[in-house]
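Thanks for coming. I have one structure to go through today, and I will keep it brief. Please have a look at it first.

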Amino acid sequence: MMNRREYDIAFVGLKPGVHEFNYEISDKFFETFQQQDFADCHAQVKLLLDKKSSFMQLKFEIGGDLMVTCDRCNNDLKLDLWDEFNITVKIVEEPELMNDEEGDPDVFYISRGESHLNVENWIYEFINLSIPMHKTCGYDNADGPQCNQEALKMLDKLEGEKPAKPDVNPIWKGLDQFKNKKD
């Protein structure tokens, strides 16, 4: 994947302290990545970079909204994004070795000879991590106009057709005799 220069931060020229970077993210940003499970993304990423002598603290604040498909009724659902992520970037002699051995995903190593830090992949990951795994209209909105009423009726119908579960699992049938036995 090709790095886009607008996501490169020339940290060598920055003085120690906190620096702010802002990015407006739309669907165009995701064109170089694989197909997404969302559309119509309007996200703002605020990056606070706290530069120290041998490391940098990066705090990503994600905000905005995008459209997803409701997992329950299959209608389009506007989802608000808001999340924060922190990354520590350490400057070391052998970054490849350190990145391979590091167990903490929130720590990333770069070489002492590096002058730029590309944040494009982190922005991509953090926006995707801001989307919940289970996307529904919400139980408080389940009867609202955005929910697909036909799909909900079909789900209710299918739920009523489930076979009754037996009270006792036949696997455990012979074990009842040992239930209250004392040594």
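Let me start with a question: is aspartate 40 buried, partly exposed or exposed? Before I answer, please keep in mind that this is a predicted model. Aspartate 40 has a relative accessible area of 38%, so it is partly exposed. Exposed would need over 50%, and buried would need under 20%.

Aspartate 40 belongs to strand 3, which covers residues 39–51. Its backbone deserves a comment as well: phi is near 50°, a positive value in a residue that is not glycine. Most residues other than glycine have a negative phi.

Asparagine 74 also has a positive phi, in this case near 70°. Where is asparagine 74 found? It sits in the loop between strand 4 and strand 5. Those two strands form a hairpin with 6 residues between them. Asparagine 74 has a relative accessibility of 59%, so it counts as exposed.

Now the strands on either side of that loop. Strand 4 is residues 55–69 and strand 5 is residues 76–92; the two run antiparallel, joined by 15 bridges. One pair to find on your screen is valine 68, whose bridge partner in strand 5 is leucine 77.

Strand 5 pairs with strand 6 too, and here the direction is parallel. Strand 6 spans residues 107–111, and 5 bridges hold the pairing. To locate it, look for isoleucine 91, which stands opposite isoleucine 110 in strand 6. As a general reminder, side chains in a regular strand alternate between the two faces of the sheet.

Next, the helices. Helix 1 runs over residues 95–101, and glutamate 101 lies in it. How exposed is glutamate 101? Its relative accessible area is 57%, so it is classed as exposed. Glutamate 101 is also part of a patch of negative charge on the surface, where it gathers with Glu94, Glu96, Asp100 and Glu114.

Helix 2 takes in residues 120–129, and asparagine 121 has its place there. With a relative accessibility of 37%, asparagine 121 counts as partly exposed. Which distance separates asparagine 121 from tyrosine 7 in space? From C-alpha to C-alpha it is 9.2 Å, while in sequence the two are 114 residues apart.

To recap the backbone points: positive phi values occur at aspartate 40 and at asparagine 74. The first is in strand 3, and the second is in the loop between strand 4 and strand 5. That is what I have for today.

Conventions: Residues numbered from 1 in each chain as written. Predicted model: local features only at pLDDT ≥ 70, side-chain atom pairs only at ≥ 80, totals over all residues. Heavy atoms only, no water. Patch = residues over 30% accessible without salt bridge, like charges linked within 9 Å, V, L, I, M, F, W, Y side chains within 5 Å. Areas by Shrake-Rupley, 256 points an atom, 1.4 Å probe, with all protein chains shown as cover. Salt bridge = Lys/Arg side-chain N within 4 Å of Asp/Glu carboxyl O. Lys, Arg positive; Asp, Glu negative; His and termini not counted. Charge placed at Lys NZ, Arg CZ, Asp CG, Glu CD. Helix = DSSP H or I, 4+ residues; strand = E, 2+ residues; numbered from the N terminus. Buried < 20%, exposed > 50% of the residue type's maximum accessible area, 1.4 Å probe, protein only. Pairing = 2+ DSSP bridges.
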